[in-house]
Amino acid sequence: MEPTDYRLVAPGQYDPVSHFYPRVPNAQLHPLVQFFLSLGNERIAMRYCHLHPEVSPAAVRKIFASTPRYLRWAGADLFHVTDDKGRRRFVVIETNSSPSGQKSMPMLDPYDEQAGYKKLLERTFIPMLKRRALPPGDLAVLWDKNWMEVSGYAAVLADLTGENVHLVEVRDVEDPAIRCDESGVLHARTPSGWVPLRAAFRYVTQRPWNRIPPLTRTATLNPVIACLAGGRNKSLAAIAYDVYNARLTGTGLRLRAPETLPNVSLPELPLLVDRMGGVAVVKVPYANAGQGVYTVTDSADLDAILDEEHRYERFLVQGLIGNVGWSSITKEGRLYHVGTVPSSKQNLYVADLRFMVGAGPEGFYPLALYSRRARKPLADSLVDCPHTPWEMLGTNLSVKKDDGSFTTEPDRLMLVDSRDFNHLGIGLDDLVEAYVQTLLAVLAIDDMAERLVTQKLRFRRKLFSSLVDDAVLLEEILP
């Protein structure tokens, strides 16, 4: 398939070559990752409880068996870090409510060419179609980027249901190809007119709330309320993590994330950056794909942010995880990147871990993993360093072009295959830890989403505005 604004996808059109990066179909999944994916939640929970005698086994099993109400498909970006005492852990940097990952995941079963696309749709999306209250209408995949994956989801969904699927690009324009009627049903624009949708798979990532209401009668994976509650709102995600950690008190479980200060105005930035020792990360909370992220390691970096014109009124300040000599000073001290295994040229790179999960009636399941390394090796010191901090720390593969569209830099992609995975220096128990942290992050955001919805299934706009005091963002959200 070639990218197009609209396509009607019929059963029988899936072509695996079109929905994976070129080196993925022939990649061999690393045996350790394959073993992890074969364990199942009960064995993973047993292993986690054995490694963490302080946790409640009942609480751990409850986490694994949970079925989120709104955020049933997500990907967490994690950093593998250590501290001054050599204690290694995974910390959650952010959680994505429309995550990529299928095109980067080697096949668990080489004879199942639909791989993770089929697994997510079968275990999470198809059960949603059995709801009695669904309105009459068609099926659709809504998207604004990542054609390789969204076209794969559409083709597999058509095969699984035996129905034609509308594959609709929903651009961030005044007249998008999606609208919601007074009864809360989404309609998609097609060449033959507007058609109602009973269910939609949503991969609309750029400010989806200005085209799709937070809640609709159309069953949506994931509904936009999940984005507002933290899946596309880093400020509210930070609040959600704190609230959820409070709920976990007494279980021994804890969601780990860098210290984050949400809802920061532009004039407040110097004070809060100084609080972290003059080293921090400043983020536009509602941006994604690596956009709106600023590393601050000196006054010049901060001045550049203050001089720039910004769309939104609020930011967040987060502890910067760098190297031993240049990381933020936070409440838990300094955190440093473990990084990749040193290369033959003795270069060590920052790399993240994307952990994608799904959830269905039987609880959570791991779906896909991949890693991305930074462009330049991590330096011991910033003095006379030829590279910028962002070149050494930024891992996102997305690159925004002048026309507003996105391309990727797949040369920095590290697969969990027999070749790349060894360079990450992580083992089975690290994957167990990363999985648990991902589930905690998903449940924290889903818990916040539930708090933002009334018993009559209405968006609590006043509560939201009290938590996220950004007038520009509030103006964007559809009623």
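**Exercise 1. The surroundings of strand β8**

In which sense, parallel or antiparallel, do strand β7 (residues 186-190) and β8 pair, and over how many bridges? Work this out in the predicted model, then place the other partners of β8 and decide whether the strand is enclosed or open.

*Solution.* Begin with β7, which pairs with β8 in the antiparallel sense over four bridges. The register can be fixed at one position, since H187 has P196 in β8 as its bridge partner. The link between these two strands is a hairpin that passes through two residues.

Next, turn to strand β4 (residues 138-143), which runs parallel to β8 and is joined to it by six bridges; here W143 finds its bridge partner in Y203 of β8.

Then take strand β9 (residues 219-221), which is also parallel to β8 and is joined to it by three bridges, with F201 bridged to L221 of β9.

Finally, consider burial, for which the cut-off is a relative accessible area under 20%. Eight of the 11 residues of β8 (residues 193-203) are buried, so the strand is largely enclosed by the rest of the structure.

**Exercise 2. The nonpolar cores**

Identify the residues with the most contacts inside the largest nonpolar core, and find the helix that gives the most to this core.

*Solution.* The largest nonpolar core comprises 145 residues, and within it L142 and V317 have the most contacts. As for helices, α11 (residues 428-451) is the element that gives the most to this core, contributing 14 residues. Another core, of 17 residues, lies apart from the largest one and includes L320, I321, L378 and M392.

To see the environment of V317, leave out residues up to four places away in sequence; the residues that V317 touches then include L261, V264, L269, L272, V273 and M276. E259 and T260 are also among the residues touched by V317, as are A280, V281 and V282.

**Exercise 3. The second largest pocket**

Describe the second largest pocket by its volume, by the residues closest to its centre, and by the makeup of its lining.

*Solution.* The volume comes first: the second largest pocket holds about 780 Å³ of space. Its lining consists of 29 residues, of which Y70, L215, T216, R217 and L457 are the closest to the centre. Sorted by class, the lining has 15 nonpolar, six polar and eight charged residues. The largest share of the lining comes from β9, with three residues, and this links the pocket to the first exercise, where β9 was found to run parallel to β8.

Notes
Residues numbered from 1 in each chain as written. Predicted model: local features only at pLDDT ≥ 70, side-chain atom pairs only at ≥ 80, totals over all residues. Heavy atoms only, no water. Core = buried A, V, L, I, M, F, W, Y, C linked by side-chain atoms within 4.5 Å. Buried < 20%, exposed > 50% of the residue type's maximum accessible area, 1.4 Å probe, protein only. Contact = heavy atoms within 4.5 Å. Pairing = 2+ DSSP bridges. 1 Å grid on protein atoms, 1.4 Å probe; cavity = no way out; pocket = protein on both sides within 12 Å on 5 of 7 lines; lining within 4 Å. Points joined across faces, edges and corners; volume = space filled by probe spheres on them. Nonpolar A, V, L, I, M, F, W, Y, C, P; charged D, E, K, R; others polar.
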